[in-house]
Amino acid sequence: MAFTQPPVAKKVPKVHPYVHGNGAPDNYDWLKDQSKTSKSQDILDYITLENEYCQKNVLDPISDLTETVYQEFLSRIEESEVALPSFKSPYWYYTRTVEGQQYPIYCRKFETMDAAEEQYLNMNLIKDSEFLNVVSTSVSPSHKLLAYVLDTDGYEHCSIFIKDLESGEMLPDVIPMTSMDGPVWSADNKSLYYVSIDEQNNRPDKLRRHDLGEPASSDVVLYNNEDEKFYTSITKSSSDRFIFLALESPLTSEAHFIDLEAEEPVLRCFCPREFRHSYKVYHQGDYFYILTNGGGQFLNRKLQRVGITDTSRHMWEDVLQYDPYTELSDANAFKDFLVIQERKNGLLGLRIVSFDGENVQHYAVPFEEEIYVASLPWKDQPNSYGGHSFRFSYTSCLVPLKTMEFDVGTKELSVLQQTKVPGGFDPSEYTMRRVFVPIPEATRVLAPFGTPVSDTIPVTLVFKTDLFKNDGSNKIFMAGYGSYGMPVDGRFEGKIFSLVDRGIVYAVAHVRGGGDLGQAWYETGKLSHKKNAFTDFVACAEFLVQEEKITKHELMALFGNSAGGLLLGAVMNLKPDIACAVVAGVPWLDPLNTSLDASIPMVAFDWEEIGNPNEKEAFDYLQSYSPYENILENVKYPSVLLTAGLKDSHVPYWEAAKWVAKMRASNTNGGAGDPHQSVIGFKCSMSGGHGGSGGRYGQYRESAEKYAFLIHELEKSEERQSKPKVWTKVTKVTTTSSTTISGSTTTEKVRTITEVTYKEVAADGEVEE
């Protein structure tokens with residue numbers, strides 16, 4: 001296929017005045033513009049050219065495939081679906097979707113599900129907004145008022161709106177510049193507690209109280225978190241008695257709480273912060289329960305408790321003995337028991353903790369599948385605090401999401417609802433298994449405080465059994481993340497079957513730096529061990545080729561978002577021939593320059609993830625792997641599709657834009673003589689943020705483009721691999737002569753050099769120069 005010439009970004013010479021004296025040239029720094037309302041016209045013009053090039057030369061040629069994949073996505077979901085209701089006396093609350101509509105509709109029914117439906121929030125009625133995202137909702141204790149958090153620009157500069165559910169009218173109270181956390185109502189329905197954000201760096205920093213009827217400008221500031229390494233969030237206890245304020249950095253946390261039942265609710269510190277001490281708090285009866293890492297010595301956290309009247313740390317007492325092989329990641333408290341979310345051997349499960357006087361009883365909830373994910377609800381907990389059962393989510397790559405209920409009294413499991421896959425889904429047609437890749441000796445490191453850490457990297461594989469080939473010629477799609485301690489659990493995603501049903505093996509490399517195997521796995525892939533995530537990914541790819549003999553590098557495609565883009569950017573520099581194609585969504589590709597600019601959101605927070613480059617050792621290490629700084633010149637890279645959002649406040653658009661510009665200038669497509677040049681497509685949304693489009697159909701279409709790109713590149717590469725390579729002999733003859741005069745004798749020497757090389761020829765038999 002003949003491509004038109006890609007845009008060429010102008011070079012504006014600049015040398016960053018790095019604090020350690022190793023200034024580096026950055027010809028594309030001009031693409032960085034932090035203004036939120038309007039960007040430089042030069043930047044907008046360049047991004048427009050990139051978008052047009054990407055559309056015409058990368059996406060339009062695969063538009064039919066994209067539409068096919070998009071329709072496949074839709075065929076695997078119930079476009080009109082009613083979520084499982086939850087009862088909050090006297091109403092049943094639920095959401096539902098309608099075919100053709102972008103956003104869920106928020107509904108409730110009085111006392112019984114046979115009652116008339118009341119739609120109390122429907123964003124589909126708003127027609128004049130390019131971007132909408134209802135981040136969270138909160139109904140008042142009286143059930144008469146609704147507060148909801150709305151993002152209308154993708155910057156995540158949210159606002160809280162309040163609606164009278166009896167009259168249907170909007171209250172004049174509008175609270176701007178709030179975080180994405182749901183607000184918490186006071187017990188008397190007259191006030192809202194919420195977290196506001198610092199407009200300059202987009203960091204949630206202040207706990208405020210808004211009294212209904214008063215202007216937001218007069219809201220009381222209850223706490224101001226001035227440390228830029230810490231993010232601020234609020235939750236409400238499952239008992240509805242306490243508000244918890246959490247201040248968290250990647251290494252340290254501090255909690256405060258408000259007793260909503262007190263005559264005068266005041267904010268109290270639970271336990272003052274100490275470096276490296278991270279903890280979470282839950283309430284049950286006369287106790288607070290704490291998941292704590294003890295300052296690091298209990299790296300995977302242990303369960304302790306303390307009375308609600310004195311929360312001093314010396315008063316904390318053990319509930320369960322610490323198990324260094326099991327991470328306690330979250331919990332939920334009920335009147336008579338606790339549910340602990342725990343991770344062991346890469347599987348997320350649940351443990352029940354109950355009390356018989358002073359005796360503690362605990363047991364794991366049993367599941368039959370070999371690989372599964374059992375997790376507590378992320379946000380709004382639909383369970384009754386005083387009940388004897390609780391709901392949770394259960395899934396795997398081959399099990400569509402189930403909402404299940406476990407009865408603690410009878411120990412019975414039941415399925416309340418399972419996501420439907422139209423047309424039926426038969427998991428027996430597929431294979432899911434894990435392979436374990438040995439960590440190379442050179443990159444094995446000890447975890448802090450002697451915490452056990454695995455010496456193998458799990459890779460989850462999913463494929464259609466009857467399409468799998470045993471000759472090493474399978475196409476493969478491999479994803480990874482490897483940052484912030486975030487695991488990539490094997491949850492059901494209908495989208496992946498557009499790959500798997502085409503004979504493409506779906507793989508996830510659970511590399512260090514993520515939380516897939518607990519906190520030790522995270523610690524050994526961050527800061528001065530960050531490169532372990534990259535070498536792990538390369539090791540996984542090579543293991544699938546050389547040991548498992550599933551595929552070839554020419555038949556691999558890679559996928560990663562956000563910090564997963566950092567992973568893939570670094571991996572391509574380590575091994576440019578690792579794959580034939582890469583998709584990187586909102587990729588973090590210039591961490592060195594970004595982390596040196598403290599005015600950019602999240603920078604100080606990231607110093608505890610990748611190191612503070614104002615310190616020379618951290619600077620040198622970061623500079624040695626930062627993808628933008630380490631692009632190889634005149635070396636062929638895979639074909640790449642990158643996406644970004646002009647309003648992304650997490651990973652700014654210019655990280656991808658600069659990387660693309662430098663890649664183009666570094667001759668990374670194989671050169672003019674390569675008949676199979678790689679291509680770079682860069683698509684930047686002018687209205688979206690870090691999460692892409694606001695509506696579900698827009699997000700499905702964006703995913704379809706990415707999947708279609710990888711499918712197309714894999715099929716092209718497979719076709720090339722299936723044909724014998726044809727080479728042509730290229731002969732170059734160079735003749736030189738020299739004359740030597742000795743006395744009256746003149747001698748002339750003629751030297752002929754013949755160079756023979758071979759070049760692969762294109763389909764038409766012509767050598768492409």
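**Overall dimensions and internal cavities**

The protein has a radius of gyration of 29 Å (taken over C-alpha atoms), which agrees with the value near 27 Å for a compact globule of 769 residues, the globule rule being 2.2 Å times the number of residues to the power 0.38. The model is predicted: local features need pLDDT of at least 70 and side-chain atom pairs count only at pLDDT 80 or more, while totals for chains, interfaces and linings use all residues. Residues are numbered from 1 along each chain as its sequence is written, and side-chain values use heavy atoms, with hydrogens and water left out.

Along its principal axes, the C-alpha trace spans about 120 × 60 × 55 Å. The secondary structure comprises eleven helices and 39 strands, assigned as DSSP runs (helices H or I, at least four residues; strands E, at least two). Of the 769 residues, 54% are buried, that is, under 20% relative accessible area with a 1.4 Å probe, protein chains only.

A search of the whole structure identified four cavities of 30 Å³ or more, a cavity being a set of points on a 1 Å grid over the protein atoms alone where a 1.4 Å probe fits but cannot get out. The largest contains about 60 Å³ of space, as filled by probe spheres set on the points, which are joined across faces, edges and corners. Its lining residues (an atom within 4 Å of a point) are N201, R203, E228, Y231, A598, I600, P601, M602, V603, A604 and F605. Helix α8 (residues 603–610) gives the most to this lining, with three residues. By class, eight lining residues are nonpolar, one is polar and two are charged; Ala, Val, Leu, Ile, Met, Phe, Trp, Tyr, Cys and Pro count as nonpolar, Asp, Glu, Lys and Arg as charged, and the others, Gly among them, as polar.

How values were computed: On a 1 Å grid over the protein atoms alone, a cavity is a set of points where a 1.4 Å probe fits but cannot get out, and a pocket is an open set with protein on both sides within 12 Å along at least five of seven lines; lining residues have an atom within 4 Å of a point. Buried means under 20% relative accessible area, exposed over 50%, partly exposed in between (1.4 Å probe, protein chains only).
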